[in-house]
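Colleague: Please take one part of this model and look at it closely, then place it in its wider setting. I would like the cut-off behind each term stated once, as you come to it.

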Amino acid sequence: MTEDHAIDRAGKSRGARTAVTVFLVLTAGGLAAFIAGVLGPHPERAWQAYLINFLLWTGLASGGVLFSAIMQATGARWSGRMAGIAEAFSAFFPVSFILFLILFLGQSYLFPWLHEDLHGKEAWLNVPFLFTRDAAALLVLYGVGFRYLYNSLQLRFGGASAGGRRFREGLQRRWAGRRIDEAAVRRRATFWGLLYCFCFVLVMSLIGYDLVMAADPHWISTLFGAYSFVKAIYLGLGGLIITASVLYLKNGPDSGLTKDHFHDVGKLFFAFCLVWGDFFYAQLVVIWYGNISEETAYVIERTMLAPWNRAAWAVLLICFVAPFLILINKKIKTVPPAMIVLCAVVVLGMYLEHMLLLAPAISRSPANIPIGILDLFVFLGFFGLMAASLMTFMTQFPEVARLRKREAN
Amino acid sequence: MADDRYLMGLFIEENGAVDAVGALGESSFRIEKVFSPVPSHRLADALKVKKSWVGLFTLFGGVFGFFAGFLLAIFTASRWDLIVSGKPVISLIPFLIVGFEFTILFAVFGNIIGFLFLTDLPRSDWRRHYDERLSGRYYGVLAACPAGREQELEALLERQGADVRRMDRDDPPERAAARPEQAHP
């Protein structure tokens with residue numbers, strides 16, 4: 001290794017360490033704000049922020065990995081290195097699982113139905129069963145995801161050098177001990193990728209029903225599960241575009257990404273903007289026509305009564321109307337900084353959407369939308385966790401972020 | 001121009017047509033029209049074709065349709081004033097369906113109208129300067145030159161491998177149609 005290379009590498013690892021430190025400081029700030037909120041006069045506000053962020057970032061991570069699984073299952077090649085970047089979101093899976101278990105501590109604030117007469121729904125809506133089934137479902141989803149990832153990573157990096165990274169060295173040793181039949185690994189990756197897609201649909205639907213829809217236990221929408229996983233795909237694509245854009249801006253052509261990749265994945269993001277809008281409307285119009293009081297009360301409170309009606313309009317504008325009008329333009333999809341802004345705004349819009357669905361049930365009858373500095377800190381804390389997870393993955397597999405020299409040549 | 005002469009270079013291969021367009025672009029001759037049996041990005045690039053405005057017609061059609069659908073639904077609902085289960089007569093939520101359908105319908109209308117308008121269709125004189133073989137597998141490059149320079153233009157097209165046909169006034173389309181298809185040299 002030449003002296004220049006050694007200095008360059010040392011500088012990069014210093015930069016990466018600084019970034020991880022910043023993200024961990026954000027996480028610590030979020031944790032401190034959350035604990036202060038829980039011990040303060042309105043613990044329900046802190047738990048509400050926690051739940052919203054858990055749903056938002058879990059949807060984003062599992063939706064991101066879904067992109068890679070779909071590419072593998074369909075044999076698509078157009079996504080190029082985008083699929084590899086999408087796999088980095090799997091590093092958030094263990095974090096997400098632990099965050100889910102912590103929800104148990106806030107059950108008395110997060111499940112308003114604990115204090116209500118459930119008219120026969122007790123068999124489904126009780127805390128032990130809810131936590132058992134949701135934890136098992138998340139374990140299955142993440143287990144299948146990691147199994148898919150194991151095969152996918154073997155396909156991508158099976159023959160590459162581990163570069164002194166401990167976790168990766170373990171994987172490389174395991175792969176080196178077996179004869180790698182590429183076709184068999186590819187078949188296995190496709191199988192586990194398809195299984196991940198299937199589990200994703202079921203588990204995201206279940207989480208949507210249990211943690212979001214059940215907050216108002218007398219309201220039922222059979223479409224809510226589908227709405228929940230479509231939202232997770234939309235979020236996942238947004239997260240993927242933001243991550244890929246940051247890597248492209250940092251590494252330029254060495255990232256292995258081109259304008260065509262951004263154009264193609266931008267079209268998919270546009271498509272899921274429409275699908276999300278469609279599911280949103282499909283629920284609304286059926287409830288409007290049915291005009292049954294058990295269904296309409298939920299919608300009227302969130303779309304017509306203050307303070308939530310303002311939030312409902314903001315969600316519609318931020319998550320559907322604005323991206324729809326902006327993404328009609330072809331060129332904008334190929335401009336990474338513009339896409340970072342657009343996707344970040346959509347992610348924030350989705351935060352507001354989760355708040356719109358949950359907060360009326362958790363923070364009863366507030367005069368204003370209950371959003372403040374506590375929510376900001378908790379959001380930044382979760383963002384720090386997600387960014388640190390991505391950085392950890394890319395430290396183990398730096399080829400995801402930057403082409404190897406041989407590939408670049 | 002009135003005294004111009006028209007020559008058609010016919011090609012079996014796309015490469016020949018692309019090369020001919022390039023060579024004509026560098027000469028003082030004028031390219032009148034280019035025919036292709038299939039959509040060709042290479043020919044479009046060689047001709048430096050500007051982005052089509054058809055998309056704009058489609059967009060305007062769609063926007064017009066969106067509002068037209070709403071207005072139609074509002075107009076028809078307000079003719080009857082029937083209140084059903086306490087819901088307002090003019091309700092935007094269900095009218096969105098009509099707005100959506102009209103968006104698609106008028107976007108398609110806009111697209112077709114834009115296409116016809118921009119391609120100057122339908123035309124009654126489409127057989128002028130046309131060779132029946134262009135309806136088959138041939139690429140065609142129609143070029144114009146001043147009277148007296150036909151041989152020069154013919155030589156240029158032949159150098160690119162074209163089967164050249166003079167599209168003069170004494171060579172009516174019927175005669176061209178009756179001519180047997182020639183093998184490419």
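Modeller: Helices (H or I, at least four residues) and strands (E, at least two) are taken here as DSSP runs and numbered from the N terminus. The model is predicted, and for that reason local features are reported at pLDDT of at least 70 and side-chain atom pairs at pLDDT 80 or more, while totals for chains, interfaces and linings use all residues. Residues are counted from 1 along each chain as its sequence is written, with chains lettered from A and ligands numbered from 1 in the order in which they are written.

The part I have chosen is the loop between α4 and β3 of chain B, where Asp120(B), Pro122(B) and His129(B) are found. Most residues other than glycine have a negative phi, and most peptide bonds are trans. Against that background, Asp120(B) has a positive phi of about 60° although it is not a glycine, and the bond that joins Leu121(B) to Pro122(B) is a cis peptide bond with omega about -5°. Further along, His129(B) also has a positive phi, near 55°, without being a glycine.

What is the burial class of Asp120(B), and how many C-beta neighbours does Asp120(B) have inside 10 Å? With C-beta atoms placed from the backbone, a residue is buried if 20 or more others lie within 10 Å of its own, exposed if 12 or fewer, and partly exposed in between. Asp120(B) has 8 such neighbours and therefore counts as exposed, whereas His129(B), because it has 16 of them, counts as partly exposed. In chain B as a whole, 25% of the 185 residues count as buried.

The loop belongs to a chain with six helices and four strands, which follow one another along the sequence as β-α-β-α-α-α-β-α-β-α. An automatic or database domain assignment supplies the domain bounds, and chain B is divided into domain 1, made of 4-51 and 138-178, and domain 2, which is 54-118. The centres of these two domains, taken over C-alpha atoms, are separated by 46 Å. Residues are said to be in contact if their C-beta atoms, placed from the backbone, lie within 7 Å. Among the contacts of chain B between residues at least 6 apart in sequence, 82% join residues at least 24 apart.

The helix that leads into the loop, α4 of chain B (residues 92-118), meets α10 of chain A (residues 259-290), and the two axes come within 9 Å and cross at roughly 125°. That angle makes α10(A) oblique to α4(B), given that angles under 35 degrees count as roughly parallel, over 145 as roughly antiparallel, 65 to 115 as roughly perpendicular and the rest as oblique. Axes are lines fitted to C-alpha atoms, for helices over the stretch in contact, and their angles run from 0 to 180 degrees between N-to-C directions. On the α10(A) side, Tyr281(A), Leu284(A), Val285(A) and Trp288(A) meet Ile93(B), Pro94(B) and Leu96(B) of α4(B). This contact is made of seven nonpolar residues, with no polar and no charged ones. Here Ala, Val, Leu, Ile, Met, Phe, Trp, Tyr, Cys and Pro count as nonpolar, Asp, Glu, Lys and Arg as charged, and the others, Gly among them, as polar.

Between the chains overall, five residues of chain B are in contact with five residues of chain A. The chain B side of that contact consists of three nonpolar residues, one polar and one charged.

For comparison, a helix pair within chain A can be described in the same terms. Helix α2(A) and helix α6 of chain A (residues 127-157) pack at an angle of about 50°, with axes 11 Å apart, and are therefore oblique to each other. In this pair, Ser62(A), Val65(A), Ser68(A), Ala69(A) and Gln72(A) of α2(A) meet Leu141(A), Gly145(A), Tyr148(A) and Ser152(A) of α6(A). By class, that contact has four nonpolar and five polar residues, and no charged ones. Gln48(A) also lies in α2 of chain A, which covers residues 43-74, and counts as buried because 28 other C-beta atoms are within 10 Å. Leaving aside residues up to four places away in sequence, Gln48(A) touches Leu358(A), Ala359(A), Ile362(A) and Ser363(A).

Chain A, too, has a cis peptide bond, from Ala306(A) to Pro307(A), with omega near 0°. Pro307(A) is found in the loop between α11 (293-303) and α12 (308-327) of chain A.

Conventions: Contact = placed C-beta atoms within 7 Å.
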